[in-house]
Amino acid sequence: MYKIAKHLAWLSIWRRKTRSLMVIMMIALSLGGLLGLQGLYDGMISHLINTTIRSDSGEISVYAKEYRLQKSLDYRLSSISNYEEVFSKIEGLETYSIRLEQEGLIATAHKSFGAILKGIYLENEQNFGQLSTFITQGDYSFGKENTAALIGSELAKKLTLSIGSRVIFTAQDASGEINSISFRITGILKTGNPSIDDSSVFVSMKQMSKFLNLQQSATQIALRVKESKQIRIIQKELQTLFPEADILRWDELYPLLIQMQDLIHIFNLASYAIVFIVAALGIFGVMLVSVLERMREFSIMLAIGTPYKMVRDQILLEASFLGCIGYMSGAFFGWLLLWYMSTSGIDMRSFEAGLELYGYSVVMYANIHLYYFVQAFFAVFFATLLSVIWPLLKLKKIKPIQMIQGKTV
Amino acid sequence: MKLSHICKTFYPDSPKEIKALKDINLIFEKGEFTTLSGESGSGKTTLLNIIGGLDAATSGKIFFEGEEISAYSEEKMAKLRLNHIGFIFQAYNLIQVLTVRENIGFIMRLLKLDEVAINARILELVSILQIEDILDKLPGEISGGQQQRVAVARAVASRPKLILADEPTANLDSKNSERLMQMLRTLNEKEHVTVIFASHDRYVLEQSKRVIVLSDGAVIEDH
């Protein structure tokens, strides 16, 4: 009997081809567009998180207690080799980067701004987050004598610096004395992370240690973890091993990113609600009209002995076919859109200023995840089920003999 | 089939109250070829619908093969109709998306008969009804006379014990009416199907073995 219902349902949806195609297109376009948007928004936020992790926090960062509040060298990590020894024994750790930073004043002959000088190991940073990929001008190098610097793009713009320009950085050293250091710019970085682009200057760790008059010290050790499920485990382990330090995850260091991610999820849910309503209303409209105009036919079927269950199954299957074809077309369209946006990206150069203000890349790449398609399937599935309730209730109320004799519902 | 004290009142206890059937008592024997006749509004279609379980009597009892069916649930009644009663309606009422072949086989497939047997029965019926050449056409592609023959084929295909036909010739010309009646008569004789018509067509009345005349909801003649 199910086979007959399926056959009838399939034939019936093509009775009014244009109407069925319209509703299929409506579902397909709204679903495809939604999948595209979801992937793009996810891609934007993932890019932001990825950039932040690569350029600064890693998955976990180690600070001396109070350092993040006071930003003073008095609260620094010392005896770095002890940390390094422990890190080498933790299997889940991929790599780490030791940084020593101090706030101060950067100046040219004409301008000066507050900035952060960061001592790093170039090779370590390359392994850690491929820092060289953020270079937009110049080289990823501290020069032949290891005395040059890399500078954030926005800071360079404010100081009107170019490759080869010289700057002077003034700050307090570890003993509280005011020191100055001069260096030439060899590279300009654009990470998308405003805390780096707007105010950071990178120099070699050797030069920084000498400038601050410190050895075996760091203000931050950023760690990369092999698998995200290990982040909390490693954090806990390190906190036990180094109770004198703050061991913080990237999401604790950048809570705004998590808020943005949550906002995107809420936005995606709202979008799903819209697609759900569009699909439900589309199928509902088609099914209601389709059932009402065939009341007589259903009455005949019931009169000659067709069980109500079979007629109900037929209507459910008709709606399901519409929903399924709409879903498959929408999923395919959405996948195409996502595939294009994940490989070629979307160039949003015309919104460059606004995007960069929030750290977004001007070329946006979409993410593709299987769960987008699973969520979309359930949205369309439930919309389909909901949409046939009213037509089925209408059908349940009919008295076949009245319809056969030409009375209306 | 036995009808005992059947009454049917539409809009009871209201100013529009209509007593459509009044104390009908009838027995239909197996293999009968009977017509319920009467003027328009005499109650013949109402009676036919009550016999077929499409409408419920206000009072009275109906027995089919000795079993009272008047208190059957809708589901049970639908099963009875599917298994034992074939319907032929005035307006053919075929399923528009199914081909002639599928329409004829529809009830047999609902009854889950063997597919080989279904196809054999379809070929047998289309040969009797002379509609072999339209087997794969849709109802919308064939004439009214052909549609009515398909409706007859659908009604008799599963070999029901009873066929109820409501004004089957009303939309047919005299030639097609004659052909239809001959076919039903042949099926009645060959397959011993009980056939009950509701009709005031003179030709149908002439062909019937028994005619029951109704007037104002009551039987006034039975011969």
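Student: Is the crossing of α11(A) and α15(A) left-handed or right-handed?
Tutor: This is a predicted model: local features need pLDDT of at least 70, side-chain atom pairs count only at pLDDT 80 or more, and totals for chains, interfaces and linings use all residues. Residues are numbered from 1 along each chain as its sequence is written, and chains are lettered from A and ligands numbered from 1 in written order. A crossing is left-handed if the near helix is turned anticlockwise from the far one by less than a right angle, and right-handed if clockwise. For α11(A) and α15(A), the crossing is right-handed.

Student: How far apart are the axes of helices α11 and α15 of chain A?
Tutor: Helices (H or I, at least four residues) and strands (E, at least two) are DSSP runs, numbered from the N terminus. Axes are lines fitted to C-alpha atoms, for helices over the stretch in contact, and angles run from 0 to 180 degrees between N-to-C directions. Helix α11 (255-293) and helix α15 (370-387) of chain A pack at about 35 degrees, and their axes lie apart by 8 Å.

Student: By class, how many nonpolar residues has the contact of α11(A) with α15(A)?
Tutor: Contact means C-beta atoms, placed from the backbone, within 7 Å. Among the residues making it are A:Phe276 and A:Ile283 of α11(A) and A:Phe382 and A:Leu386 of α15(A). Ala, Val, Leu, Ile, Met, Phe, Trp, Tyr, Cys and Pro count as nonpolar, Asp, Glu, Lys and Arg as charged, and the others, Gly among them, as polar. The contact has no charged residues, three polar ones, and the nonpolar count is 13.

Student: Which helix of chain A gives the most to the side that touches chain B?
Tutor: In this interface, 18 residues of chain A are in contact with 15 residues of chain B. Helices α1 (2-13), α12 (295-303) and α17 (400-404) of chain A each supply at least two residues of that side of chain A. With five residues, the one that gives the most is α12(A).

Student: Why are the buried residues of α9(A) on the same side?
Tutor: A residue is buried if 20 or more other C-beta atoms, placed from the backbone, lie within 10 Å of its own, exposed if 12 or fewer, and partly exposed in between. In helix α9 (231-241) of chain A, the buried residues are A:Ile234, A:Gln235 and A:Leu238. They lie on the same side because the arc they cover around the axis, taken over the directions from the helix axis to the C-beta atoms, is only 105 degrees.

Student: Which exposed residues does the face of α9(A) turned away from its buried side carry?
Tutor: The cover over the buried residues includes β1 (60-64), β3 (93-107), β11 (220-225) and β12 (245-249) of chain A. The face turned away from the buried side carries A:Lys236 and A:Thr240.

Student: How many C-beta neighbours inside 10 Å has A:Leu241?
Tutor: A:Leu241 belongs to helix α9 of chain A. A:Leu241 counts as partly exposed, because its number of such neighbours is 14.

Student: Which strands of the six-strand open sheet of chain B stand at the edges?
Tutor: Strands pair if DSSP finds at least two bridges between them. The order is β6-β7-β8-β3-β9-β10, with mixed pairing. A single partner strand leaves one side without a neighbour in the sheet, so the edges are β6(B) and β10(B).

Student: Which residue in β8(B) stands opposite B:Leu36?
Tutor: Strands β3 (33-38) and β8 (194-198) of chain B run parallel, joined by four bridges. Opposite B:Leu36 stands B:Ala198.

Conventions. Two residues are in contact if their C-beta atoms, placed from the backbone, lie within 7 Å.
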